[in-house]
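Okay, can everyone see my screen? I'd like to walk through a few helices and a couple of loop residues, so let me put the structure up.

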Amino acid sequence: MNRHLTVRGAIIGIAGLLVITASSMYVALRMGALPWPTIFVTVVSMAALRKAKGSTLQEINVTHTIMSSGAMVAGGLAFTLPGLWMLDPTANFSIPSLLILTVVGAILGTLFSSLFRKKLIVEEALPYPMGIASYNTLQAGTQGGKGAKTLFASMGGSVIFTILRDGFGKIPALLTLYGGSSIIPSFSIWVSPMAMGIGAIIGPLFALFWFGGAIFGYYLLTPLGIQQGLFASMAEADVFRSNLGIGLMIGTGLGVFFKAVAGKLGAHKKLEEKQKGLPSSSRLIIVLILFFAVILLALGTELGLIEALVLMAGIYLATYLSGMLTGQTGINPMEIFAILVLLAIQLISNPSLLASFSIAAIVAVACGLTGDVMNDLKSGYLLKTDPRQQILGEGIGGVIGAILSVFVLLIMKSAFGGFGTAELPAPQAAAVAAMVGGLQHIPAFLIGLGVGLVLYFTKLPSATLGLGVYLPIYISSIMGLGALLSVFTKQALSKKYGKEKLGEQTGLVASGLLGGEGITGVAIAILSMFK
């Protein structure tokens, strides 16, 4: 068997992981955003290993898999746990409990991703824009030629643009085209090469469903609802819209669950084939991991046994949704999935404040790592990397990143005197804190849940539609613009250059735009730690 996971690759990957994880925690708390580190670590791994004796693209692929794995674990903690101290600055969360939560979350995220790989990457062939961009970067970086020039020229332009925007403030981050009125929300576009590149890579179907959800939520539902007296104000309309969008995403999750149950009850032959494809030893290992996860959570954290058992099912569904949305859109709303699993558990239990944030944190960590794993597995699938070695590398990096994330979070809490301040606003965690008491508009959520469930069974991307309804309009608009520009470019130039070649070049340009901003965002985050 070819050695794709090597000792030198692991050492390089872990060294990079320490820096990426710490910087990701800082930028998530400080900026309320977390750029995917995928292209940054791809370039770093390629620079470190490209000329090493006997190195391969697969070794580089596994190395950058390890290097990026702690970033989204840090994001999962940063987007949830600080909300506890915002509500109760005196709350005492023991370090052993924190470590158990984060490590178990990382292990479950890796485990469930390995189970979803075949369906989401091989069978459904979801785009996974970050994974494709990583693949294009590796191919172009090692093969050279016109493809490399196209990709790195696009990447260089994106780097310069991002430095001017974020480093020197010469370019606005948002461009407002319409200021809004008492019944119609403002319309803005995020001035982001990365987002435009994602829109181009995911293609018109997913991007326009996403943008269509935004148009419906902001410019049909909101003004008509206010005019008809359904909403007393724009703020009330926003609450309804956001809960509707959340319901649409969760309706998709319920559809996945019902389909799985129906498949097990009514398709015995398919089940037998599936069981044959999964050796009994592997099934035993999965059961043992889940068993020990439940025991660890029940004995070592604030969670009770029933809560820990239900949490396993919640994390399974949440990570599936996370993997699917990341594949369709390049966006991973991990804190939203954390809130919804928490709300589901609150229906059958009455968790304490510590237990509530424990649930949110472990779900967000698992979902965050799932998004990272699936992007890496996508590039690995295209490169023919051994998925077992890649998943093992991700698991190693995820556990190390989980342990490091806990201590970095606590160090920052001590150094900055808490969260929810000007220095560390942690806006996602503030949203989680606000939602711990429950959904703000249950009827809107239930409507979205029902519609999302129906759309899922009609094979429409209901979760992507829900993301458009939920997210700020400036994110959805730039994604739609990127997809439209890609389509128009291909149509206008296809006769001159040929559809296949033009498609390849368009993909390289999009990957460069995405990668350039991702690299610069991570670099700025690292530098900001030392200011």
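So, let's start with α5, residues 95-123, and α14, residues 353-383: these two helices pack at an angle of about 40°, and their axes are 7 Å apart. That angle makes α5 oblique to α14. As for handedness, the α5 and α14 crossing is right-handed. And what is the contact of α5 with α14 made of, nonpolar, polar or charged residues? The split is 15 nonpolar, 7 polar and 2 charged. Keep in mind, by the way, that this is a predicted model.

Now stay with those two helices and look at the loops. Between α5 and α6, which covers 129-143, there's a loop, and Ala125 sits in it. Ala125 has a phi near 50°, so to speak on the positive side, and it's not a glycine. Its relative accessible area is 48%, so Ala125 is partly exposed; the exposed class needs over 50%.

There's a similar story to tell for the loop between α14 and α15, the latter being 387-416, where we find Lys384. Phi of Lys384 is near 60°, again a positive value in a residue other than glycine. Lys384 has a relative accessible area of 68%, which means it's exposed.

Okay, on to α3, residues 57-78. With 22 residues at 1.5 Å a residue, α3 should span 32 Å, and the C-alpha atoms at its ends are 33 Å apart, so that agrees. There is a bend, though: about 25°, at Met67. And how much of α3 is buried? 22 of its 22 residues are.

One of the residues in α3 is Leu77. Leu77 has 1% relative accessibility, so it counts as buried. If you go from Leu77 to Leu101, you cover 24 residues in sequence, and the C-alpha atoms are 9.9 Å apart in space.

α3 also packs with α2, residues 38-49, at an angle of about 130°, with 9 Å between the axes. So α2 and α3 are oblique to each other, and their crossing is right-handed.

Last one: α18, residues 462-470. Here 8 of the 9 residues are buried, so α18 is largely enclosed by the rest of the structure. Which ones are buried in α18? Reading along, they're Ser462, Ala463, Thr464, Leu465, Gly466, Leu467, Gly468 and Val469.

That's what I had, thanks.

Terms used:
Residues numbered from 1 in each chain as written. Predicted model: local features only at pLDDT ≥ 70, side-chain atom pairs only at ≥ 80, totals over all residues. Heavy atoms only, no water. Axes fitted to C-alpha atoms, helices over the stretch in contact; angles between N-to-C directions. Helix = DSSP H or I, 4+ residues; strand = E, 2+ residues; numbered from the N terminus. Parallel < 35°, antiparallel > 145°, perpendicular 65-115°, else oblique. Left-handed = near helix turned anticlockwise from the far one by under 90°. Nonpolar A, V, L, I, M, F, W, Y, C, P; charged D, E, K, R; others polar. Buried < 20%, exposed > 50% of the residue type's maximum accessible area, 1.4 Å probe, protein only. Expected span 1.5 Å × (residues − 1). Bend = angle between axes of the 7 residues up to and from the residue.
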